[in-house]
Amino acid sequence: MRNEINVTLPAIVSNASLARLIIMGILAPLDADTQQLTEVKTVVSEAVTNAIIHGYEGNPEGIVEFNAVLEGRRLKVVIKDHGVGIDDVELAKQPLFTTKEDEERSGLGFMIMESFTDDFEVVSAPSVGTTVTFEREIL
Amino acid sequence: MGIGISIHMQESLLFVNLTGELDQSTMQKVKQKLVNAIDQSDVKHVVFNFKGLTFMDSSGIGIVLGRYNQIRDRDGRVFVVGMNPVVAKVFYMSGLNKIITIIDDDADVMRVLEEAI
């Protein structure tokens, strides 16, 4: 079975919660265990939150594009923003690296995304935006 | 879904119980309440109970680390009870378990605290 959802979300922080609901919705028919669902939910939360607070720096006029495709038990998600972009993706991926220390960001978002996915990619360019793509087999 | 915060102080300990979802949209509320509670008291240690949380991401880890930074000058420590396995794994992978003490769900919390501090 193949299923797909495409949504655009305004860059307001509560929309990370909405994105989590959407991803849980598309995975619901799989009857996966809580652990796997929590992992996927956390990855989505990190990516969407990054797009909102880093990509658009909290500007609610920004639009986050969210696409999820489920083919059988394989999930592919693309989360895209057209915000400020990341200067150095490799640096940003370092555990505990954050540009927002004052706001108590932990700098663990990318570690979470990489750890709980089978395939993970970040493409970013300053002033163009950031696209996070991940795939995950749901057992 | 929002966040519920309840705190109480007992001698040098600040107990923090959270319910609901701890993410970027709810962390500010938690942060403000805890910053004030710690600043306005002489508690040394913070004990988070996350058993009532239905979700937590790295924003929540930021809250825990922030309190560690806030109390380390007092020689205080931060403890966490009921952390979900996904977040706990991140704690171990990043080495944060060296500075933040994770207490097992089935442990006797008061006894662990008495032995640790």
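Q: Glu104(A), buried or exposed?
A: Buried: in this predicted model, Glu104(A) has a relative accessibility of 12%. The cut-off for buried is under 20% relative accessible area, so Glu104(A) falls in that class.

Q: What does the side chain of Glu104(A) meet in a salt bridge?
A: The partner is Arg67(B), with N to O at 2.7 Å. Glu104(A) sits in the loop between helix 3 and helix 4 of chain A, while Arg67(B) belongs to helix 2 (residues 58–71) of chain B, so this salt bridge joins two chains.

Q: And Arg67(B), buried or exposed?
A: Arg67(B) is buried, at a relative accessible area of 1%.

Q: Why would a Glu and an Arg pair up at all?
A: Side chains of opposite charge can pair when their charged atoms come close.

Q: How many salt bridges cross between chain A and chain B?
A: The rule finds 3 across that interface. One of them is Glu104(A) with Arg67(B). Another is Arg20(A) with Asp23(B), where the closest N and O atoms are 3.0 Å apart.

Q: Where is Asp23(B)?
A: Asp23(B) is in the loop of chain B between strand 2 (13–22) and helix 1 (24–39). Its relative accessibility is 1%, so Asp23(B) counts as buried.

Q: What does Asp23(B) touch?
A: Leaving out residues up to four places away in sequence, Asp23(B) touches Ser17(A) and Arg20(A) from chain A, plus Phe55(B), Asp57(B) and Ser59(B) from chain B.

Q: Back to the interface as a whole. How many residues are in contact?
A: 25 residues of chain A contact 26 residues of chain B. The area buried between the two chains is about 2,100 Å², and carbon and sulfur atoms give 59% of that.

Q: Which three residues of chain A supply more of its buried area than any other three?
A: Arg20(A), Glu104(A) and Phe116(A), which supply 27% of the area that chain A buries against chain B. Arg20(A) and Glu104(A) also appear in the salt bridges to Asp23(B) and Arg67(B).

Q: How many residue pairs are in polar contact there?
A: The rule finds 9 such pairs across the interface, both residues being at pLDDT 80 or more.

Q: Which elements of chain A give two or more residues to that side?
A: Helix 1 (15–27), helix 2 (34–55) and helix 4 (109–115). Helix 2 of chain A gives the most, with 9 residues. By class, the side of chain A that touches chain B has 10 polar, 8 charged and 7 nonpolar residues.

Q: New topic. How many salt bridges over all chains?
A: The structure holds 12. Among them is Arg74(A) with Glu135(A), at 2.8 Å from N to O. Those two are 61 residues apart and link distant parts of the chain, Arg74(A) lying in strand 3 (residues 74–81) and Glu135(A) in strand 5 (residues 129–137) of chain A.

Q: Which residues are linked with Arg74(A) in a network of salt bridges?
A: Asp118(A), Glu135(A) and Glu137(A). Arg74(A) itself counts as partly exposed, at 29% relative accessibility.

Q: What about Glu90(A), which side chain does it meet in a salt bridge?
A: Lys93(A), at 3.8 Å from N to O. Both are in helix 3 (residues 89–93) of chain A, and because they are 3 residues apart they are separated by about one helical turn.

Q: Lys93(A), buried or exposed?
A: Buried, with a relative accessible area of 17%.

Notes. Residues numbered from 1 in each chain as written. Chains lettered and ligands numbered in written order. Predicted model: local features only at pLDDT ≥ 70, side-chain atom pairs only at ≥ 80, totals over all residues. Heavy atoms only, no water. Contact = heavy atoms within 4.5 Å. Buried area = accessible area lost by both parts, 1.4 Å probe. Salt bridge = Lys/Arg side-chain N within 4 Å of Asp/Glu carboxyl O. Polar contact = N/O pair within 3.5 Å; in protein donor to acceptor, adjacent residues only side chain to side chain. Helix = DSSP H or I, 4+ residues; strand = E, 2+ residues; numbered from the N terminus. Nonpolar A, V, L, I, M, F, W, Y, C, P; charged D, E, K, R; others polar. Buried < 20%, exposed > 50% of the residue type's maximum accessible area, 1.4 Å probe, protein only.
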